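Here are a few exercises to work through with the structure open beside you. Try each task before you read its solution, and enjoy the tour.

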Amino acid sequence: MAIRGIDPRQFEFIRKLLYQQTGIVLTERKRALVESRITQRLRVLGLADFASYLEYLRRDAGGEELVHLIDVISTNVTHFFREADHFRMIKGLTEQWLDQGTDRLRFWSAACSTGEEPYSLAMTLQPFLARAGTDIRILATDISTRVLAHARAGVFDAERLETVPESLRRRHFNRDSGSEGDRFAVTEDLKRLVMFHRLNFTRMPYPIRGSFDLIMCRNAMIYFDRTLREKMVEEFARLLKPGGFLMVGHAETLIGMEKSFRTVRPSVYQRTSTGENG
Ligand SMILES: C[S@@+](CC[C@H](N)C(=O)[O-])C[C@H]1O[C@@H](n2cnc3c(N)ncnc32)[C@H](O)[C@@H]1O
C-alpha cells in the first residue's frame, strides 16, 4: 500500500526533534529526502502512515527509535584517504613529533562514519610503530550506531578500497572469507590502533579524557548551526594539547570562532598555548 507524504506539521516535528537531539539542521530542501528515509522505517515497523510513526516516536521512552531515526537521516558519505593532503600532513607532523622525542601520540577521528577516516589514519601512522617505545592510539566516534557497527566490523566492498594505494591494500586488508562477493577485512593489527565509541556532539562536556595531539572533525559541522559549531570548537580546544592540531573538511572554516587557534592553512588549525589568537 502506498504511504501518503509527510505533511508540514509532521515535517516540523521531525525537524525540531532532530535539531534538539543531534544539532542537525534540516532545511525545507531536505523534505523529500527525509520523507523517503522515514518511509523505510515505516516499512520496517509495519506502520501505515507518518502520523502513526510520530506517535510511535512520542512513546519511545527508551530512545531506541530515535537512534534508528538518526541512523536513517544522517549523511554518512566518506571514503578512504578523503582530502588526502591531511594525511600527508599528519605523516610529516608525526615524524617531527617522534624526532623531537614524543613517543605517546593520541588522535581523534570525530564523526568517523563507517570507519574509512580512522582506518586511513591508522594506515598512515602504523609504520611509525616500528620505532621502539612508540605508543599511538586513535579514538573514533560517531552518533550513529549503524555506522559504528560497520566501522568496528572493518569489512569493506572491493570498490570502497579504490582510493587506498595498492601497497597499503596488500598490507592492511585480507579477502573476507565470511562475506559473499568481493569484500575485504581490515587486518587485526590495524584494528587494534582504533577504539570506536558513540559520541553525540550536542552533549557537552564530551566524556573523553584528553589530551589529543590531533583531532579530525571533517564534513560534520556543515550540518550544524553556528551556535553548536562554536561550542564544538571550544570543546576541541579543551581536549587538544597546546600546539595540537584541528583539521576540518576542505569546505569548512572556523572563521570567527578560532580564538584558541591559529590558522596553519585552510582547514588546518593549531591550538595556541595561551588560548589567544596569535
Ligand atoms: C559526512 S560524514 C563525515 C565522515 C568523515 N569525517 C569524512 O569526512 O569523510 C558525517 C558524520 O557525522 C555524524 N554526525 C551527525 N550528527 C552528529 C552528532 N550530533 N554527533 C556526532 N556525530 C554526528 C554522522 O553520523 C556521519 O557519520
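**Exercise 1. Find which residue in strand 5 is the bridge partner of Phe 156, then describe the strands around that pair.**

Solution. Please keep in mind that this is a predicted model.

Step 1. Start from Phe 156: its bridge partner in strand 5 is Phe 184.

Step 2. Widen the view to whole strands. Strand 3 (residues 155–157) runs antiparallel to strand 5, and three bridges join the two.

Step 3. Now look for another partner of strand 5. Strand 4 (residues 173–175) also pairs with strand 5 in the antiparallel sense, over three bridges. Here Asn 174 is the residue that stands opposite Ala 185.

Step 4. Sort the residues of strand 5 (residues 183–186) by face. In a regular strand the side chains alternate between the two faces of the sheet. Phe 184 and Val 186 make up the covered face of strand 5, while Arg 183 and Ala 185 make up the uncovered one.

**Exercise 2. Decide whether Asp 182 is buried or exposed.**

Solution. Step 1. Locate Asp 182: the loop between strand 4 and strand 5 holds this residue.

Step 2. Count its neighbours. Asp 182 has 11 C-beta neighbours inside 10 Å, and a residue is exposed if the count is 12 or fewer. Asp 182 therefore counts as exposed.

Step 3. Check what Asp 182 touches. Leaving out residues up to four places away in sequence, its contacts are Asp 157 and Ala 158.

Step 4. Compare positions along the chain and in space. Asp 182 and Ala 220 are 38 residues apart along the chain, and their C-alpha atoms are separated by 30 Å.

**Exercise 3. Work out the strand order of the seven-stranded open sheet, and find what packs on it.**

Solution. Step 1. Trace the strands across the sheet: the order is 6-2-1-7-8-10-9, with mixed pairing.

Step 2. Mark the edges. Strand 6 (194–198) and strand 9 (261–265) each pair on one side only. From one strand to the next, the twist averages 20 degrees.

Step 3. Zoom in on one pairing. Strand 8 (residues 240–248) and strand 10 (residues 268–271) are antiparallel over three bridges, and Phe 245 stands opposite Gln 270 in strand 10.

Step 4. Add the helices. Helix 5 (residues 85–99) packs on the sheet, where it touches strand 1 (104–110), strand 7 (212–217), strand 8 and strand 10. The direction of helix 5 makes about 175 degrees with that of strand 7. Helix 6 (residues 116–125) also packs on the sheet, touching strand 1, strand 2 (135–142), strand 6 and strand 7. Its direction makes about 170 degrees with that of strand 2.

**Exercise 4. Describe how the domains meet, and what surrounds the ligand.**

Solution. Step 1. Set the bounds: the domain assignment gives domain 1 (8–73) and domain 2 (85–271). Their C-alpha centres lie 29 Å apart.

Step 2. Examine the contact. Domain 1 supplies seven residues and domain 2 supplies 11 residues. On the domain 1 side, helix 4 (residues 64–73) gives the most, with three residues. By class, that side has four nonpolar, two polar and one charged residues.

Step 3. Turn to the ligand. Of the 25 residues around it, Thr 78, Ala 111, Ser 113, Ile 143 and Asn 219 come nearest.

Step 4. Classify this shell: nine residues are nonpolar, 12 polar and four charged. Domain 1 and domain 2 each contribute at least three residues to the shell.

How values were computed. Residues are numbered from 1 along each chain as its sequence is written. This is a predicted model: local features need pLDDT of at least 70, side-chain atom pairs count only at pLDDT 80 or more; totals for chains, interfaces and linings use all residues. A residue is near a molecule or strand if its C-beta atom, placed from the backbone, lies within 6 Å of it. Ala, Val, Leu, Ile, Met, Phe, Trp, Tyr, Cys and Pro count as nonpolar, Asp, Glu, Lys and Arg as charged, and the others, Gly among them, as polar. Domain bounds come from an automatic or database domain assignment. Two strands pair if DSSP finds at least two bridges between them. Helices (H or I, at least four residues) and strands (E, at least two) are DSSP runs, numbered from the N terminus. Axes are lines fitted to C-alpha atoms, for helices over the stretch in contact, and angles run from 0 to 180 degrees between N-to-C directions. Two residues are in contact if their C-beta atoms, placed from the backbone, lie within 7 Å. A residue is buried if 20 or more other C-beta atoms lie within 10 Å of its own, exposed if 12 or fewer, and partly exposed in between; C-beta atoms are placed from the backbone.
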